[in-house]
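Hi everyone, thanks for coming. Let's have a look at the structure together, and please follow along on your own screens.

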Amino acid sequence: MKLINGGFPEDFILMGFTKYPWLDLPLFFVLLTSYTFTLLGNIAIILVSQLDSQLQSPMYFFLTSLSFLDLCFTTTTVPQMLFNLQGPNKNITYIGCMAQAYVFHWLGCTECVLLGIMALDRYVAVCKPLRYSVIMDHRFCLQLSSTAWLTGLANSLLQSTLTIQLPLCGNQMLDHFFCELPGLIKMSCGNTTVNEITLSVVATFLIMGPLSMILVSYSYIAQTVFRIPSAAGRLKAFNTCSSHLLVVSLFYGPGIYIYMQPSEDGSQDLIKVLTLFYCVITPMANPFIYTLRNKDVIGAMRRLLRKAISTKGI
C-alpha cells in the first residue's frame with residue numbers, strides 16, 4: 001500500500017455493500033435511474049422557473065436554488081458510486097476523497113439551512129400576504145440564499161479540516177459508499193473525542209435550528225390557513241406547504257439519525273441505506289413533490305411545451 005506524507009494512504013477503498021456483492025448490479029441500475037431522473041427533474045424546475053414570467057416570485061427563487069443545490073449534491077457522490085459499482089475497482093484517491101468530503105458536507109449543511117429559509121418564505125406568503133412582495137424582495141432573497149451557502153461552507157471548512165488531520169495509521173478501508181465525515185472519523189486510529197463532540201454539537205445546531213424555525217413557521221401557517229374562508233384558498237395553501245413539509249421530512253429524518261447519535265450506536269448498514277436515501281432518493285423526489293401538486297408549475301410547463309412546439313412548427 002502506497003502512503004503519502006503523514007502516513008495517509010494514496011487511495012481509499014470504499015467498502016459499500018461489499019458483504020453483499022450480488023447487490024452491486026441492481027444497485028448500479030437503481031442509482032443510474034435515480035440520477036437520470038434527478039438531473040432531468042431539477043433541470044426542468046430551473047428552466048421553467050427562469051423562463052416563465054409567472055413564476056418570478058420568491059418561492060420559485062428558493063425552489064430554483066434548491067434544485068441547483070440538489071444537482072450539485074448528487075453529482076458530488078453518485079458518479080463515483082456508479083464507477084465503483086460497475087466493476088471490481090472500489091478505490092478513490094485520497095485527494096478525491098477529501099474533496100468529496102468537503103463539498104458533500106458543504107452542500108448538505110446548506111440544504112438544511114435553505115429548507116428553513118423556505119419555511120420562512122411560506123410563513124410570510126401565507127400569514128402576511130399583503131406585505132409579501134415588500135418583505136421578500138429580490139435583495140433580501142439573495143441575502144438569505146447567500147447566508148445558507150456561506151453557513152454550509154463555514155461548517156464544512158471547520159468539520160472537514162478537523163477530520164482530515166486525524167491520524168489513519170495507514171488504514172485505507174472506508175466502510176461507506178463515499179467519503180463522509182462520520183465514516184472518516186471512524187477510520188482514525190487516534191483520539192476522536194473532539195471530532196465527535198464537535199460534529200454532534202454543530203449538527204444539532206444546524207439541524208435543530210432550521211427545524212425549529214420550520215415547526216414554528218408552520219404552526220403560525222396552520223392557524224392562518226384554518227381562518228381562510230375560501231375552501232379553494234385553504235386547499236392551495238395546504239398543497240404548497242405540504243410539499244415543503246414532505247421534503248423536510250425526507251431530508252431531516254435520515255440526517256437526524258446519522259448525525260445526532262453517538263458514533264458507536266446504530267447499524268452501519270442502516271446508516272448506509274439512510275445516507276443513500278437522503279443523498280440520492282430525496283433529490284430525485286423533490287422535483288416531483290413540488291410539481292405534481294403545484295398547478296402553477298404544471299401550467300408553466302404546459303405553456304413552455306406549447307411554445308416550443310409552435311416555434312418548431314414555424
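Let's begin with aspartate 175 and lysine 272, which form a salt bridge with their closest N and O atoms 2.6 Å apart. This pair links distant parts of the chain, 97 residues apart: aspartate 175 sits in the loop between S5 and helix H6 (181–187), while lysine 272 belongs to helix H9 (residues 268–292). Keep in mind that what you see is a predicted model.

Are these two partners buried or exposed? Lysine 272 has a relative accessible area of 1%, so it counts as buried. Aspartate 175 has 37%, so it counts as partly exposed.

How many salt bridges does the structure hold? There are three. Another of them brings together the side chains of lysine 90 and aspartate 24, at 2.9 Å from N to O. Lysine 90 is in the loop between helix H2 (58–85) and S4, and aspartate 24 is in helix H1, so this pair ties together parts that lie 66 residues apart in sequence. Both lysine 90 and aspartate 24 are buried. There is also a salt bridge between the side chains of arginine 122 and aspartate 121, at 3.1 Å from N to O. Arginine 122 and aspartate 121 are both buried as well.

Now, please find the sheet. Here is a bit of background: strands in a sheet pair through backbone hydrogen bonds, and they can do so in a parallel or an antiparallel way. In our model, three strands make an open sheet, ordered S4-S3-S5, with mixed pairing. Strand S4 (91–93) and strand S5 (173–174) are at the edges with a single partner strand each, so each has one side left without a neighbour in the sheet. Helix H3 (residues 94–127) packs on this sheet and touches S3, S4 and S5, with its direction at about 80 degrees to that of S4.

What makes the pairing mixed? S3 (residues 11–14) and S4 run antiparallel and are joined by three bridges, whereas S3 and S5 pair in the parallel sense over two bridges. Isoleucine 13 is a nice residue to click on: its bridge partner in S4 is asparagine 91, and its bridge partner in S5 is methionine 173. For aspartate 11, the bridge partner in S4 is threonine 93.

While we are on S3, which way do its side chains point? They alternate: Phe12 and Leu14 point to one face and are buried, while Asp11 and Ile13 point to the other face and are not buried. This fits a general pattern, since side chains in a regular strand alternate between the two faces of the sheet.

Finally, let's move to helix H1, which spans residues 24–51 and includes phenylalanine 29. That residue has a relative accessible area of 47%, so phenylalanine 29 is partly exposed. Together with Leu25 and Leu32, Phe29 forms a nonpolar patch on the surface, and the three share about 290 Å² of accessible area.

Isoleucine 46 is in helix H1 too. Which residues does isoleucine 46 contact, if we leave aside its neighbours within four places in sequence? They are Thr64, Ser67, Phe68 and Leu71. And one last distance: the C-alpha atoms of isoleucine 46 and phenylalanine 288 are 13 Å apart, with their positions 242 residues apart along the chain.

Thanks for listening, and I'm happy to take questions!

Definitions and conventions
Residues numbered from 1 in each chain as written. Predicted model: local features only at pLDDT ≥ 70, side-chain atom pairs only at ≥ 80, totals over all residues. Heavy atoms only, no water. Patch = residues over 30% accessible without salt bridge, like charges linked within 9 Å, V, L, I, M, F, W, Y side chains within 5 Å. Areas by Shrake-Rupley, 256 points an atom, 1.4 Å probe, with all protein chains shown as cover. Salt bridge = Lys/Arg side-chain N within 4 Å of Asp/Glu carboxyl O. Helix = DSSP H or I, 4+ residues; strand = E, 2+ residues; numbered from the N terminus. Buried < 20%, exposed > 50% of the residue type's maximum accessible area, 1.4 Å probe, protein only. Pairing = 2+ DSSP bridges. Contact = heavy atoms within 4.5 Å. Axes fitted to C-alpha atoms, helices over the stretch in contact; angles between N-to-C directions.
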